[in-house]
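Hi,

Here is the structure I promised to pass on. Have a look at it first, and then read on for what turned up.

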Amino acid sequence: MSLAPWLDGELGYRSFGTPGAPRAVFVLRTGDVSTTDPDARVTSGYDVRVVAVGLDAPELEDPPVFGGQTPAGLTVEALRDLLEREAPGATVGLVGERAAGPIAIYLAAAMGPVVDRLAIVGVASPSDPLSRDLRTPLLDHLEAEALVIVGGGGPAAVADAEWYVGRMRAAEMQVVPDDEIGSVNGEITLTSVWDRVLAHVAPGAARR
């Protein structure tokens, strides 16, 4: 595991896939498996380098505005520096799972055309009117082509996906059938949709 500076601590991240591949994908997740390969069998089918970054609750805190000298705003800046260092001059794909989804959205907005593809998995929409009003302008100007995936149990449902898709310039929604999820608690995970996600954020990188 590698470490990147963040406030008085460090962000942990790990790279896997194909070293030196022309396409890089950055994955933002929380929890114990955040820096592991979602599905090594799927990843091996793509000519892509994946950088998985683990985020914790303090790094996601920013009620209600992202940006500035708040933990989430500083996390976005740290991730921006990491992205520029790990994939200099490249156009990249970005993935956010569940609680890390809003950070992925704000990072994509901050990076502009550098992030050309975005996928968010199981991400709930803002829960209060003020947060919705603050997040909508960023979504209106998001340059990345987005994929919003929901399904099964968990915090995000079809209505959440529709909220995001309806506010993005270029976005597609996918609802995963319950029998394709396969997690113990029936909640959608990045592992269960990793092939769908890679196909979107790494277009043309599938090995033939």
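Let's start with a warm-up: is Trp-163 buried or exposed? Trp-163 is buried, because its relative accessible area is 10%, and under 20% counts as buried. One thing to keep in mind as you browse is that this is a predicted model.

**The aromatic pair**

The structure holds 1 aromatic pair. Trp-163 and Tyr-164 make it up, and their arrangement is edge-to-face, with 5.2 Å from centre to centre and 90° between the planes. Tyr-164 is buried too, at 0% relative accessibility.

**The cores and helix α4**

Tyr-164 shows up again in the largest nonpolar core, which has 41 residues. Together with Leu-28, Leu-94 and Leu-118, Tyr-164 touches the most other members. The largest share of this core, 7 residues, is supplied by α4. Apart from that core there is another one of 24 residues, including Tyr-46, Val-50, Ala-52 and Ile-181.

Helix α4 covers residues 101-111, and 9 of its 11 residues are buried. Among them are Ile-103, Ala-104, Leu-107 and Ala-108. If you click on Leu-94, you'll find Ala-104, Leu-107 and Ala-108 among its contacts, along with others such as Phe-26, Leu-28 and Leu-118. Just after α4 comes Gly-112, with a positive phi of about 60°.

**Salt bridges**

How many salt bridges does a search of the whole structure find? It finds 8, and here are three you can look up:

- Glu-97 pairs with Arg-29, with the closest N and O atoms 3.1 Å apart. Glu-97 sits in strand β5 and Arg-29 in strand β3, 68 residues apart. Glu-97 is buried at 8% relative accessible area, and Arg-29 is buried at 3%.
- Glu-145 pairs with Arg-117, and here the closest N and O atoms are 3.6 Å apart. This pair links strand β7, where Glu-145 is, to strand β6, where Arg-117 is, with the two positions 28 residues apart. Glu-145 is partly exposed at 37%, whereas Arg-117 is buried at 17%.
- Arg-196 pairs with Glu-180, with the closest N and O atoms 2.8 Å apart. Arg-196 is in helix α7 and Glu-180 in the loop between β8 and α7, so the pair ties together parts that are 16 residues apart in sequence. Arg-196 is partly exposed at 28%, and Glu-180 is partly exposed at 42%.

**Two residues to zoom in on**

Thr-43 belongs to helix α1 (residues 40-43). With 3% relative accessibility, Thr-43 counts as buried. Which side chain does the side chain of Thr-43 meet in a polar contact? That would be Trp-194, at 2.7 Å. Thr-43 also touches Phe-16, Gly-17, Asp-37, Val-50 and Leu-198, leaving out residues up to four places away in sequence.

Arg-207 is in the segment after α7 and counts as partly exposed, at 45% relative accessibility. The side chains of Arg-207 and Thr-18 are joined by a polar contact of 2.6 Å. The Arg-207 side chain also reaches the backbone oxygen of Ser-44 at 2.9 Å. Other residues that Arg-207 touches include Gly-45, Tyr-46 and Asp-47. As for Val-48, it is 159 residues from Arg-207 in sequence, but their C-alpha atoms are 9.7 Å apart in space.

Have fun clicking around!

Definitions and conventions
Residues are numbered from 1 along each chain as its sequence is written. This is a predicted model: local features need pLDDT of at least 70, side-chain atom pairs count only at pLDDT 80 or more; totals for chains, interfaces and linings use all residues. Side-chain values use heavy atoms; hydrogens and water are left out. Buried means under 20% relative accessible area, exposed over 50%, partly exposed in between (1.4 Å probe, protein chains only). Helices (H or I, at least four residues) and strands (E, at least two) are DSSP runs, numbered from the N terminus. A polar contact is a pair of N or O atoms within 3.5 Å; within protein, one must be able to donate a hydrogen and the other to accept it, and residues adjacent in sequence count only if both atoms are side-chain atoms. Contact means heavy atoms within 4.5 Å. A nonpolar core is a set of buried Ala, Val, Leu, Ile, Met, Phe, Trp, Tyr and Cys residues joined through side-chain atoms within 4.5 Å. Rings of Phe, Tyr and Trp (its six-membered ring) pair if their centres lie within 6.5 Å; planes under 30 degrees apart count as stacked, over 60 as edge-to-face and the rest as tilted. A salt bridge is a side-chain nitrogen of Lys or Arg within 4 Å of a carboxyl oxygen of Asp or Glu.
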